[in-house]
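Reader: Hello! I am new to this structure and would love a close look at a single part. Could you walk me through the annotated domain and the places around it?

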Amino acid sequence: MVIAGEALKTNITTLGPLVLPVSEQLLFFVTLVAKKIFKMKIKPYIPDFKLAFEHFCIHAGGRGVLDKLEKNLELTEWHMEPSRMTPYRFGNTSSSSLWYELAYSEAKGRIKKGDRIWQIGFGSGFKCNSAVWRAMRAIDPAKEKNPWMDEIDEFPVRVPKVSPLVY
């Protein structure tokens with residue numbers, strides 16, 4: 001988790017200035033200056049990425065990573081639903097899980113024209129990569145081929161919490 005956190009921090013630091021509103025960048029910069037130059041003992045400001053993206057597709061390789069990102073990025077259950085339902089239905093499909101997560105949002109009819117999607121993938125090494133998308137059109141689930149369509153109405157399901165030792 002520590003290594004994943006460091007990889008994500010580097011990724012966010014690079015991506016943030018490209019996607020975040022100026023107000024969020026300013027808050028981040030002010031707390032960084034206060035911490036580094038004035039040696040203030042304050043928590044670093046974590047920007048609100050919900051102001052930059054409507055949808056999040058987070059590599060569903062492990063519950064611990066999802067839980068940590070949900071908490072640190074202050075995402076809602078709705079934001080995390082595609083990332084939690086994908087391993088339930090398809091298992092850990094490695095990086096292709098990001099596409100199943102996007103397809104989940106499309107099948108639910110959530111993707112509207114202009115929506116922004118952030119795909120966050122983790123790989124060996126430990127790598128963290130992002131892809132940022134903007135929907136060119138609204139997705140009508142009834143008109144699209146989608147791996148979720150045969151049972152999308154059954155989702156979300158309640159996924160029981162398990163002990164880290166069992167998972």
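Author: What follows is a tour of the annotated domain, the core, the salt bridges and a few unusual spots in the backbone.

Happy to help! Please keep in mind that this is a predicted model. Let us begin with the annotation. An unreviewed UniProt entry places the feature "domain: Beta-ketoacyl-[acyl-carrier-protein] synthase III C-terminal" at residues 54-134. Over residues 54-134, helix makes up 43% of the chain and strand 25%. The C-alpha atoms at the two ends of this stretch are 10 Å apart.

Now look for the nonpolar core. The largest one has 21 residues, and the members that touch the most others are Phe-49, Ile-58, Trp-118 and Phe-122. Which elements give two or more residues to this core? They are helix 1 (2-19), strand 1 (55-58), helix 3 (63-72) and strand 2 (116-123). Helix 1 gives the most, with four residues.

Phe-49 is a good residue to click on. Setting aside its neighbours within four places in sequence, Phe-49 is in contact with Ile-12, Gly-16, Val-19, Leu-20, Phe-56, Leu-73 and Trp-118. Two of the names you have just met, Phe-49 and Trp-118, therefore appear together here as a contact pair.

On either side of Phe-49 in the numbering you will find a pair of charged residues. The side chains of Asp-48 and Lys-50 meet in a salt bridge, with 3.1 Å from N to O. Asp-48 counts as partly exposed because its relative accessible area is 24%, and Lys-50 is also partly exposed, at 26%.

That pair belongs to a wider set, since a search of the whole structure finds ten salt bridges. Inside the annotated stretch, try Arg-84 and Asp-67, whose side chains meet in a salt bridge at 2.8 Å, N to O. This pair links distant parts of the chain: Arg-84 sits in helix 4 and Asp-67 in helix 3, 17 residues apart. Is Arg-84 buried or exposed? With a relative accessible area of 19%, Arg-84 is buried, because the cut-off for buried is under 20%. Its partner Asp-67 is partly exposed, at 28% relative accessibility.

Helix 4 also holds one end of another bridge. The side chains of Glu-81 and Arg-110 meet in a salt bridge at 2.8 Å, N to O. Glu-81 is in helix 4, while Arg-110 is in the loop between helix 5 and strand 2, and the two are 29 residues apart. Both Glu-81 and Arg-110 are buried. There is a small network to trace as well: salt bridges that share partners join Asp-67, Glu-70 and Arg-84.

From there, follow the chain into the loop between helix 4 (77-90) and helix 5 (97-107), where Ser-94 has its place. Most residues other than glycine have a negative phi. Ser-94 has a positive value, near 60°, and is not a glycine. At 43% relative accessibility, Ser-94 counts as partly exposed. Ser-95 lies in that loop between helix 4 and helix 5 too, and is partly exposed at 48% relative accessibility. If you would like a distance to check, the C-alpha atoms of Ser-95 and His-55 are separated by 17 Å, with their positions 40 residues apart along the chain.

A positive phi turns up again ahead of the annotated stretch. Lys-39, which is not a glycine, has a phi of about 55°. Where is Lys-39? Its place is in the loop between helix 2 and strand 1. Lys-39 is exposed, because its relative accessible area is 63%, and the cut-off for exposed is over 50%.

Helix 2 has something to show on the surface as well. Leu-26, Phe-29 and Val-30 make a nonpolar surface patch of about 310 Å². Leu-26 lies in helix 2, which covers residues 22-36. At 52% relative accessibility, Leu-26 counts as exposed.

One last stop lies beyond the annotated stretch. Most peptide bonds are trans. The bond from Phe-155 to Pro-156, however, is cis, with omega near 5°. Pro-156 is in the segment after strand 3 (127-134).

To retrace the route, start at Phe-49 and its contacts, including Trp-118, then move to the network of Asp-67, Glu-70 and Arg-84, and finish at the cis bond before Pro-156.

Note on methods:
Residues numbered from 1 in each chain as written. Predicted model: local features only at pLDDT ≥ 70, side-chain atom pairs only at ≥ 80, totals over all residues. Heavy atoms only, no water. UniProt positions renumbered as here; feature names shortened; annotations may be inferred. Core = buried A, V, L, I, M, F, W, Y, C linked by side-chain atoms within 4.5 Å. Buried < 20%, exposed > 50% of the residue type's maximum accessible area, 1.4 Å probe, protein only. Contact = heavy atoms within 4.5 Å. Patch = residues over 30% accessible without salt bridge, like charges linked within 9 Å, V, L, I, M, F, W, Y side chains within 5 Å. Areas by Shrake-Rupley, 256 points an atom, 1.4 Å probe, with all protein chains shown as cover. Salt bridge = Lys/Arg side-chain N within 4 Å of Asp/Glu carboxyl O.
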